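Good morning, colleagues. Please take a moment to look at the sequence and the structure before I begin.

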Amino acid sequence: MNNTIHQFIQPFVHLDFVIAIVYLVLLSSLVTSYLSNYALSKIEASKMSVFSNFATLITILAGVIFLKEQFHLYHLVGSIIIITGVIGTNYHSTKGKHNEKA
């Protein structure tokens, strides 16, 4: 507020803040980037990009498990839509390749 370094550094004194920052840096950013690169080495980019939609599901589950947030009906409906989309997209693309070879 007063443009002082002390106020900028003050949140780092609290252990909860430091744990949250480490979690965001290590798990949410670094690990997911490496897992995405690994997935790209194993499957096509179009299929891998569809799986990135699972990040929303993981976020919902993490909120419910770790932050004790409530799980509502709209979370369930959205999750079902995402899972259906991922399965449908991958099934359709796989089926289309089998038809092209025949």
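Let me start with a question: is Ile-58 buried or exposed? Ile-58 lies in helix H4, and its relative accessibility is 55%. Because the cut-off for exposed is over 50%, Ile-58 counts as exposed.

I should say at once that this is a predicted model. The mean pLDDT of the protein chain is 82, and 88% of its residues reach 70 or more. Confidence is lowest in H5, where the mean is 80, and highest in helix H4, residues 54-66, with 85.

Now to the overall architecture. The protein chain contains 5 helices and 0 strands, and from the N terminus on its elements read α-α-α-α-α. Of its 102 residues, 11% are buried. The accessible surface of the protein chain is about 8600 Å², and carbon and sulfur atoms account for 70% of that area. As for contacts between residues at least 6 apart in sequence, 53% join residues at least 24 apart.

I turn next to the N-terminal part of the chain. How many aromatic pairs does the structure hold? There is 1 aromatic pair. Phe-12 and Phe-17 form this pair, with 5.1 Å from centre to centre and 85° between the planes. The arrangement is edge-to-face, because an angle over 60 degrees is counted that way. Phe-12 has 45% relative accessibility and is therefore partly exposed. Phe-17, with 31%, also counts as partly exposed.

Helix H2 covers residues 15-42. Its 28 residues should span 40 Å at 1.5 Å a residue, and its end C-alpha atoms are 39 Å apart, so the two values agree. H2 nevertheless contains a kink of about 25°, centred on Val-31.

Between the helices, I would point out Ser-52. It sits in the loop between helix H3, residues 45-51, and H4. With a relative accessibility of 44%, Ser-52 counts as partly exposed. Along the chain, Ser-52 and Ser-36 are 16 residues apart, and their C-alpha atoms are separated by 8.5 Å.

Let us return to helix H4. H4 has 13 residues, and the distance from its first C-alpha to its last is 18 Å, close to the 18 Å expected at 1.5 Å a residue. Which residues of H4 are buried? They are Leu-57, Ile-60, Ala-62 and Gly-63. A general point about helices is useful here. An α-helix has 3.6 residues a turn, so residues three or four places apart point the same way.

Gly-63 deserves a closer look. This residue of helix H4 has a relative accessible area of 4%, and it is therefore buried. Setting aside neighbours within four places in sequence, Gly-63 is in contact with Lys-68 and Glu-69. Lys-68 follows H4 and has a positive phi, near 55°.

The remaining helix for discussion is H5, which comprises residues 73-101. I will take three of its residues in turn.

The first is Ser-79, which lies in H5. Why does Ser-79 count as buried? Its relative accessibility is 11%, and the cut-off for buried is under 20%, so Ser-79 qualifies. Not counting residues up to four places away in sequence, Ser-79 touches Leu-57 and Ile-60. Both of these residues are among the buried residues of H4. The exposed Ile-58 can be placed relative to Ser-79 as well: the two are 21 residues apart in sequence, and 9.9 Å apart in space from C-alpha to C-alpha.

The second is His-75, also in helix H5. What is its state of burial? His-75 has a relative accessible area of 18% and is therefore buried. Leaving aside neighbours within four places in sequence, His-75 is in contact with Ile-60 and Gln-70. Ile-60 thus appears among the contacts of His-75 and of Ser-79.

The third is Leu-76, another residue of H5. At 39% relative accessibility, Leu-76 counts as partly exposed. Leu-76 and Leu-57 are 19 residues apart along the chain, and 9.5 Å separates their C-alpha atoms.

To close, I would leave you with the contacts between H4 and H5. Ser-79 touches Leu-57 and Ile-60, and the contacts of His-75 include Ile-60. Thank you for your attention.

Key. Residues are numbered from 1 along each chain as its sequence is written. This is a predicted model: local features need pLDDT of at least 70, side-chain atom pairs count only at pLDDT 80 or more; totals for chains, interfaces and linings use all residues. Side-chain values use heavy atoms; hydrogens and water are left out. Rings of Phe, Tyr and Trp (its six-membered ring) pair if their centres lie within 6.5 Å; planes under 30 degrees apart count as stacked, over 60 as edge-to-face and the rest as tilted. Buried means under 20% relative accessible area, exposed over 50%, partly exposed in between (1.4 Å probe, protein chains only). Helices (H or I, at least four residues) and strands (E, at least two) are DSSP runs, numbered from the N terminus. Contact means heavy atoms within 4.5 Å. Accessible areas come from the Shrake-Rupley method with a 1.4 Å probe; for residues, only the protein chains shown count as cover. The expected span of a helix is 1.5 Å times one less than its number of residues. The bend at a residue is the angle between axes fitted to the seven residues ending there and the seven starting there. pLDDT is the predictor's confidence in each residue, from 0 to 100.
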